[in-house]
Amino acid sequence: MIRQGLSPQSFRFPTNGSGSPDSQATARAVVQWLGIMQRSPQAAVFRAALPVLGVDGSLAETGRNLAARGEVMAKTGTTIDSTGLRAQVLAGYLRSRSGRDLAFALFVNDAGPVSAISDVAEVFEDQAVITDLIRSWSP
């Protein structure tokens with residue numbers, strides 16, 4: 001990752017990369033990595049593997065009534081522990097109204113207790129609304 005220009009202090013993956021709660025990265029590092037992937041020979045395959053907001057995968061039921069539906073390709077990541085929703089991450093690409101592709105990362109930390117899956121779904125929906133706003137404000 002250092003060869004790609006990412007600071008070693010911006011991420012920490014102490015396990016096998018399985019997404020365990022002890023894996024960490026800054027939003028800046030995630031966006032930088034997404035930019036690296038966008039310029040790589042694997043860009044099209046990588047992007048095609050991402051769930052699409054309001055269309056498929058883990059984002060199929062999220063943002064269905066937003067203008068950003070179908071214009072956000074992103075990966076989710078959720079960490080729930082005994083205290084509740086510790087982290088909810090949404091990171092990937094969105095297409096601005098002008099057609100420009102932007103990399104983004106939204107992190108929600110320590111959102112509180114989870115009594116039902118709907119609690120997590122509310123955070124997903126909030127993140128979808130934020131991507132819709134970014135999309136509408138971006139050149």
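**A three-stranded sheet, two helices and two cores**

Let me start with the sheet: three strands in the order β3-β4-β5, open, with antiparallel pairing. The edges are β3, residues 72-81, and β5, residues 101-112, each of which pairs on one side only. From one strand to the next, the twist averages 10 degrees. Keep in mind that this is a predicted model.

Now the pairing of β4 with β5. Strand β4 covers residues 84-95, and its antiparallel pairing with β5 runs over 10 bridges. Leu90 has Leu106 of β5 standing opposite.

Next, the helices. Helix α1, residues 27-38, packs on the sheet and touches β4 and β5. The direction of α1 makes about 150 degrees with that of β5. Helix α3, residues 117-137, also packs on the sheet, but touches β3, β4 and β5. Its direction makes about 30 degrees with that of β4.

On to the interior. The largest nonpolar core has 15 residues. Which of them touch the most other members? They are Leu53, Leu59, Val72, Ala74, Leu90, Leu94 and Phe104. At least two residues of this core come from each of β3, β4, β5 and α3. The most come from α3, which gives four.

Leu90 comes up again here. Leaving out residues up to four places away in sequence, Leu90 touches Leu59, Ala74, Lys75, Thr76, Phe104, Ala105, Leu106, Gln127 and Thr131.

Last, there is another core, lying apart from the largest one. This other core has nine residues, including Leu34, Met73, Ala91 and Ala105.

How values were computed. Residues numbered from 1 in each chain as written. Predicted model: local features only at pLDDT ≥ 70, side-chain atom pairs only at ≥ 80, totals over all residues. Heavy atoms only, no water. Pairing = 2+ DSSP bridges. Axes fitted to C-alpha atoms, helices over the stretch in contact; angles between N-to-C directions. Contact = heavy atoms within 4.5 Å. Core = buried A, V, L, I, M, F, W, Y, C linked by side-chain atoms within 4.5 Å. Buried < 20%, exposed > 50% of the residue type's maximum accessible area, 1.4 Å probe, protein only.
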